[in-house]
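User: I would like to learn how to read the spaces and the unusual residues in a protein model. Could you take me through one example?

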Amino acid sequence: MNKKAEAFKKYLDAQKFEGVFSIEELAGDEWETALFRSQVDINGNKLPTVVIFDKSVYGLLRVLVAPQVLRDENETAVLKLVNEYNKKYKAFKYYVDDAGSLVLDICMIAADGKEAGEKVYAMYDVIIQHLNDSYKDIMKSIWG
């Protein structure tokens with residue numbers, strides 16, 4: 001496990017956050033990538049999340065907001081809303097991935113991992129607050 005992932009795991013253990021994350025290390029990965037999978041509850045919906053640490057200077061917190069969101073009749077509305085959010089919020093970015101899922105990413109500088117736990121949990125707070133406020137608008141643009 002890379003140093004940042006080890007530091008995050010130690011933080012989780014020290015805070016007694018047991019059972020919140022499942023941990024997966026990517027076998028044979030030259031970047032020593034470690035995935036910490038969990039979920040957040042947004043308006044009764046369990047959204048999958050993953051915290052990704054590797055040997056780069058970055059860490060990533062990713063939320064799967066909604067799978068397979070784009071259809072001919074909603075594409076303009078969804079992409080317009082995503083673009084507005086990306087202009088408004090500096091800490092994170094939305095995008096539609098190759099599978100058509102709406103994803104929210106927060107990229108964090110975590111060179112040595114010493115403050116990885118505090119950073120991740122601060123970003124979770126930001127994401128949860130944002131999604132609690134905006135999830136209905138996001139789903140409205142998807143289901144329009």
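Analyst: A definition comes first: Ala, Val, Leu, Ile, Met, Phe, Trp, Tyr, Cys and Pro count as nonpolar, Asp, Glu, Lys and Arg as charged, and the others, Gly among them, as polar. Please keep in mind that this is a predicted model.

User: How do the residues of the lining of the largest cavity divide into nonpolar, polar and charged?

Analyst: By that division, the lining of the largest cavity has 7 nonpolar residues, 1 polar residue and no charged ones. The residues concerned are Val78, Leu81, Val82, Tyr85, Tyr94, Leu102, Ile138 and Ser141, and the elements that contribute two or more of them are α2 (75-88) and α3 (116-143). The largest share, 4 residues, comes from α2, and the space in this cavity amounts to about 30 Å³.

User: What volume does the largest pocket have, and which residues are closest to its centre?

Analyst: A cavity is a space that the probe cannot leave, whereas a pocket is open. Here the largest pocket has a volume of about 200 Å³, and of its 13 lining residues, Arg37, Pro48, Val50, Arg62 and Leu64 are the closest to the centre. At least two lining residues are supplied by each of β2 (34-42), β3 (45-53) and β4 (58-66), with β3 giving the largest share, 4 residues. This lining divides into 8 nonpolar, 2 polar and 3 charged residues.

User: Is Asp54 buried or exposed?

Analyst: A residue counts as buried when its relative accessible area is under 20%. Asp54, which is placed in the loop between β3 and β4, is buried yet has no salt bridge, and the nearest side chain of opposite charge, that of Lys4, is 4.0 Å away. The side chain of Asp54 does, however, make a polar contact with the side chain of Ser56, at 2.5 Å.

User: Which residue in the loop between β1 and β2 should I look at for its backbone, and what is its phi?

Analyst: Look at Glu32, which is found in the loop between β1 (22-25) and β2 and has a positive phi of about 55° although it is not a glycine. Glu32 is partly exposed, with a relative accessible area of 37%. Gln68, in the loop between β4 and α2, also is not a glycine and has a positive phi of about 40°. Gln68 counts as exposed, with a relative accessible area of 64%.

Conventions. Residues are numbered from 1 along each chain as its sequence is written. This is a predicted model: local features need pLDDT of at least 70, side-chain atom pairs count only at pLDDT 80 or more; totals for chains, interfaces and linings use all residues. Side-chain values use heavy atoms; hydrogens and water are left out. On a 1 Å grid over the protein atoms alone, a cavity is a set of points where a 1.4 Å probe fits but cannot get out, and a pocket is an open set with protein on both sides within 12 Å along at least five of seven lines; lining residues have an atom within 4 Å of a point. Grid points are joined across faces, edges and corners, and a volume is the space filled by probe spheres set on the points. Buried means under 20% relative accessible area, exposed over 50%, partly exposed in between (1.4 Å probe, protein chains only). Lys and Arg count as positive and Asp and Glu as negative; His and the chain ends are not counted. A polar contact is a pair of N or O atoms within 3.5 Å; within protein, one must be able to donate a hydrogen and the other to accept it, and residues adjacent in sequence count only if both atoms are side-chain atoms.
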